[in-house]
Structures are given as structure tokens and as C-alpha cells.
Amino acid sequence: MDSHSNSKTPVTLLGLGDMGTALARTWLAAGHPLTVWNRTPRRAEPLVREGARPAATPAEAVASATGPVVLCLLDDASVGETLSGTELNGKDVVNLTTNTPAQAQQRARWAEDRGARFLDGGIMAVPPMIGRPETGGYVFYSGDQQLFERHREVLEVPAGVKFVGEDPGHAALHDVALLSAMTGMFAGITHAFALVDTEKDVDRARFATLLAQWLGAMAGAAQGMAAQLDSGDFTEGVASNLAMMAAANDTLLATAQGQSVDPRLLTPYMRLMSDRVAEGHGDEGLAGTVGLLASA
Ligand code: FVH
């Protein structure tokens, strides 16, 4: 089929790294006319063989765009470099480049000052999850909601979509919050393996199954924390209170010491817990520790 003579919304994609290439293939497979540009042109060649139209420059790509102009570049600086010298007036810009909330807000203002409509996105997937809905990958979007609705069908092709607000920084905020939680989880997993690895007879695969089940069961605590933060009553529905957990931390630290494992991944959060207990809040759950960070 000639992909440039159909009724599907045309997509313009700037950035053909691992993620950009994965996105491109889904739009091509779904029959969307696709114009591509990449700083290193040879990365566009396989996609051109698959039916994409190459643009020689970002300015040429943007000028010919009649649908969304999607950016999937390394960082916000590369977005600035790529879009400088393009004519954005009247264009629909969808930025899927990972950034901070402040960068997303500034980029939205920057694009709108040039007459463009702007959506920011945070991709909660790795490239092999793109185009495979069964993996549960999705993209957070924030900014111009009308623009989101106008292009929803196109945006739903590579992954699920979740619109999280008109503040353009909210997609990045959600993205980074989830990635930050994941970092804490990886820290815990790392410490747990360091502990069991001190003994020769622990089966790592069996332990990994137990670990994943335990983390899954404990993840439900996020809902309780949200309810406590909403009500302002941090003692509401507490199953394990902070005083008990802070005391148990001594056992965790003594075990680390006994097994000669460095506890540095645990101690920052333990300090927060004991600070809250020292303030007289041993009867609470964990929600009170949130405020200790937010006011830092
Ligand atoms: N890959 C992943 O697992 C994660 C999943 C979650 C979301 N991230 C973010 O997606 C953005 C793109 O990631 P990527 O995986 O495609 O990254 P790379 O393969 O490293 O490709 C980077 C592209 O950016 C181009 N580029 C870099 N600097 C510039 C510049 N100054 N001007 C123009 N383009 C630039 C680069 O071009 P080239 O090196 O091929 O010439 C690639 O097209 C990213 O924000 C992730 O955080 C991915």
C-alpha cells in the first residue's frame, strides 16, 4: 500500500533512537503516513525501506507536517536544538522526550509563543513494550487537552494513553514520581540480594519469587498512604505503626552488620522514620514521612 495516499492521520517523527524507532514502526504498521528525521540520517534508512518518508532537516519535516509533530529525543536540550530554525506556527507538537516538570512547562510556553499547540508525554514503557498492549506500557500526557483528544487515536497506536492534566509539567511529574519509586524498589531488591548472597545455600531464583510476591503485597500500602494524606489523619487504619517499624529497623541494621552488608541503601529512609517517631508520631503509619521530605 502507498502509505502516503490513505485517510489515516499523517505523523511526523523527529528522533529515531531505540524508542523513536519502536514508535515509528507501530505507526507504519497501522498505516499512518510517516515522515521521519534523525540527526544521524542512516538511522532513518530501515524505516524508509519500510515506507517512511525521510526529511532532510527538522525544518523540512515540520513544514510538511499536517498532523502531530512527535519528538522523541535524548533530552530537553536536544529538543531545543532540533526545533530551533523550524516554523512552528499552527503546528501540533507532542514531546515524548523525558524531561523535568519545569522543562516541560518552559517548553510548552516556548512552543505556544511560536504559535504551536503543545502536549508533553512521559513514556512508561521500554522499546520492546511499544506496540504490544498486552505488556501494559502506556504514556502519560499533559498540556492542551483538546490537542490530546484530537490526536488520541494516533497516540494510542504505540501504547496506552493517560491524560493527567492541563499543566504541561504533570506528565513529567507522574513519570518521574513512578521512576523514583522504582529506584527505591531497586535499592531494596539490591540490599535483599546482598543479604541472601552472604549464604551459599540460598536459591536465588526461589528467593526472587518470594521477593516479587512480597513487594507486590506491600505495594498496596500506597492506597492507604493516599487515603491518610487526603484525610490528614495519619493514624487512620494503621496496621503497622511507625514506632514498631522504627524498632524493627534495628533488627534490619543488626542483620546487615552481622552479614557484613553495607546498609547505606536503607539508612536514609530509616532516618526519616525515626525523625517522625522522635517528633511524637509513633502511632502513625508512614504517611507522616512524606511531609518531612516535601518541606526539605
Ligand atoms: N529507551 C528506553 O528504555 C526509555 C524508556 C522510557 C522513555 N525513554 C526516553 O525516550 C527518549 C528517547 O530514548 P531512546 O531510547 O530513543 O534514546 P536513544 O536511543 O539514546 O536515542 C536518542 C535520540 O536523540 C537524538 N539526539 C541526541 N542528541 C541530539 C541532539 N543534540 N540533536 C538532535 N538529536 C539528538 C539521537 O540522535 P542520533 O544520536 O541518532 O543522531 C537519537 O535519535 C529519551 O528522552 C529517553 O529518556 C526511553
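**View 1. The shell around the ligand in this predicted model.** Here you can meet the 22 residues that surround the ligand, with Asn38, Thr40, Arg43, Leu73 and Thr98 as the closest. By residue type, the shell holds 9 nonpolar, 9 polar and 4 charged members. Helix 1 (18-29) and helix 4 (76-83) each bring at least two residues to this shell.

**View 2. Polar atoms beside the ligand's oxygen atoms.** Asn38 places a polar side-chain atom 2.7 Å from an oxygen atom of the ligand. For Arg43, a polar side-chain atom lies 2.8 Å from a ligand oxygen. Leu74 takes part through its backbone, where a polar atom is 3.1 Å from an oxygen atom of the ligand. The ligand taken alone exposes 900 Å², and 78% of that is buried by the protein.

**View 3. The second largest pocket, home of the ligand.** This pocket offers about 700 Å³ of space. Its lining counts 26 residues, and Gly17, Cys72, Leu73, Leu74 and Thr97 lie nearest the centre. Helix 4, strand 6 (117-124) and helix 7 each give two or more residues to that lining. The lining comprises 14 nonpolar, 8 polar and 4 charged residues.

**View 4. The largest pocket and its helices.** About 2,300 Å³ of space is found here. Of the 48 lining residues, Leu215, Met218, Ala221, Tyr269 and Leu286 sit nearest the centre. Helix 7 (170-196) is among the helices that supply at least two lining residues, as are helix 8 (204-219) and helix 11 (267-278). Helix 7 provides the largest share, 12 residues. The lining divides into 33 nonpolar, 14 polar and 1 charged.

Key
Residues numbered from 1 in each chain as written. Predicted model: local features only at pLDDT ≥ 70, side-chain atom pairs only at ≥ 80, totals over all residues. Heavy atoms only, no water. Near = heavy atom within 4 Å. Polar contact = N/O pair within 3.5 Å; in protein donor to acceptor, adjacent residues only side chain to side chain. Areas by Shrake-Rupley, 256 points an atom, 1.4 Å probe, with all protein chains shown as cover. 1 Å grid on protein atoms, 1.4 Å probe; cavity = no way out; pocket = protein on both sides within 12 Å on 5 of 7 lines; lining within 4 Å. Sits in = over half its atoms within 2 Å of the grid points. Helix = DSSP H or I, 4+ residues; strand = E, 2+ residues; numbered from the N terminus. Nonpolar A, V, L, I, M, F, W, Y, C, P; charged D, E, K, R; others polar. Points joined across faces, edges and corners; volume = space filled by probe spheres on them.
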